[in-house]
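Reader: I've got a new model open and would like to talk it through with you. Mind if I fire off some questions?

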Amino acid sequence: TPDQPDILKVNISSERVRKALSVIEGMRGGQSLGALLGYQLERGLHENYPGVELDYYIYQLRKVFPLRGNRLKSTRVEGVEAEVIDARNVVDGLSLINHIQKTGITNYPFGKVLEAVENSEQQAAINNEVNKIMDLNDAIADVAIAESVHQTVMGNFDRAGATLDTYSKGHFPPIPDVIQTPRSGMNITHRVGLQFEAGVNALVSPLPGMSMTPRAMA
């Protein structure tokens, strides 16, 4: 539709797949998708804009988009707000993306009460890095869709459904089979033979004055 022109677009170009796999590996290592997206955002803000002060705004974003810790009753620290604990951790990138998609506000401060930027360079840098993690999140979704379609075509209907369920809940995702390029053609084995002169005495050195070592005799 004109309102959602990209809703059925799936782009699994090599660059997007490579970036998606880096996040998938992190998820397989036990990290949450929100934390991994947050790491990407904070690293981009910290390293990609020399001469532009952005570290302060990383902490601003942590205040309003903290990781969802201290929520379970069994492990909750009473008397301490979750934002106080998580603000010193990392931005919840997935929460930030969901907020932007829900509100349609794509520019800092994203409809939140935060410290205003000092110049247009800071504004552009923050918006650019947020767009990057939104594209990364979309790449992960595209890989998940492509993998589900691939498994469906192969007749693995249970795995197709499990793939989407795993990615949607942020659990331990499998390595996508759809990106494994099948090999075609015939397998050929090359063998190389060395033909030596017959009747050579292996115990006699071919060089005068040099004895034969065990390796040379072999």
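Reader: Let's begin with E115. Which helices does the loop holding E115 lie between?

Author: Bear in mind that this is a predicted model. E115 sits in a loop rather than in a helix, and the elements on either side of that loop are α5 (93-103) and α6.

Reader: Is E115 buried, partly exposed or exposed?

Author: Its relative accessible area is 43%. Buried would need under 20% and exposed over 50%. With 43%, E115 therefore counts as partly exposed.

Reader: And what does E115 touch, leaving out residues up to four places away in sequence?

Author: One partner to look at is Y57, which is 58 residues from E115 in sequence, yet the two C-alpha atoms are 7.9 Å apart. The full set of contacts, with those sequence neighbours left out, is Y56, Y57, Q60 and Y108.

Reader: Zooming out, how many helices and strands are there?

Author: Going from the N terminus, the elements run α-α-α-α-α-α-α-α. The count comes to 8 helices and 0 strands.

Reader: Back to α5. Why do its buried residues line one face of the helix?

Author: The buried residues are G93, L96, I97, H99 and I100. Looking down the axis of α5, they fall within an arc of 160°, so they line one face. The face turned away from that buried side carries the exposed residues Q101 and K102. So the value that settles it is the arc of 160°.

Reader: Which helices do the buried residues of α5 pack against?

Author: The buried set includes L96 and I97. Their packing partners, along with those of the other buried residues of α5, are α2 (33-47) and α6.

Reader: What's going on at the two ends of α5? Which backbone nitrogen does D92 reach at the start, and which residue with a positive phi follows the helix?

Author: At the start, a side-chain oxygen of D92 comes to within 3.3 Å of the backbone nitrogen of L94. After the helix there is a residue with a positive phi, near 80°, and that is G104.

Reader: Now for charges. Which residues are linked with R16 in a network of salt bridges?

Author: R16 and D138 meet in a salt bridge at 2.8 Å, N to O. That pair ties helix α1 (residues 14-28) to helix α6 across 122 residues. R16 also meets D142 in a salt bridge, at 2.7 Å. With R16, the network takes in D135, D138 and D142.

Reader: Is D142 buried or exposed?

Author: D142 is found in helix α6 and touches K9, V10, N11, I12 and R16, sequence neighbours up to four places away aside. The cut-off for buried is under 20%. At 5% relative accessibility, D142 therefore counts as buried.

Reader: Which salt bridge joins α2 and α3?

Author: The side chains concerned meet at 2.7 Å, N to O, in the pair E42 and R62. E42 belongs to helix α2 and R62 to helix α3 (residues 55-64), 20 residues apart. Both partners are buried. So the bridge you want is E42 with R62.

Reader: Last one: which helix gives the largest share of the nonpolar patch on the surface?

Author: The patch is formed by V10, I12, I145, V149, V153 and L164, with about 500 Å² of accessible area together. V153 lies in helix α6, and at 67% relative accessibility V153 counts as exposed. With 3 residues, the largest share comes from helix α6.

Technical notes. Residues are numbered from 1 along each chain as its sequence is written. This is a predicted model: local features need pLDDT of at least 70, side-chain atom pairs count only at pLDDT 80 or more; totals for chains, interfaces and linings use all residues. Side-chain values use heavy atoms; hydrogens and water are left out. Patches are made of residues with over 30% relative accessible area and no salt bridge: like charges are joined within 9 Å, nonpolar side chains (Val, Leu, Ile, Met, Phe, Trp, Tyr) within 5 Å. Accessible areas come from the Shrake-Rupley method with a 1.4 Å probe; for residues, only the protein chains shown count as cover. A salt bridge is a side-chain nitrogen of Lys or Arg within 4 Å of a carboxyl oxygen of Asp or Glu. Helices (H or I, at least four residues) and strands (E, at least two) are DSSP runs, numbered from the N terminus. Buried means under 20% relative accessible area, exposed over 50%, partly exposed in between (1.4 Å probe, protein chains only). Contact means heavy atoms within 4.5 Å. The arc is that of the directions from the helix axis to the C-beta atoms. A polar contact is a pair of N or O atoms within 3.5 Å; within protein, one must be able to donate a hydrogen and the other to accept it, and residues adjacent in sequence count only if both atoms are side-chain atoms.
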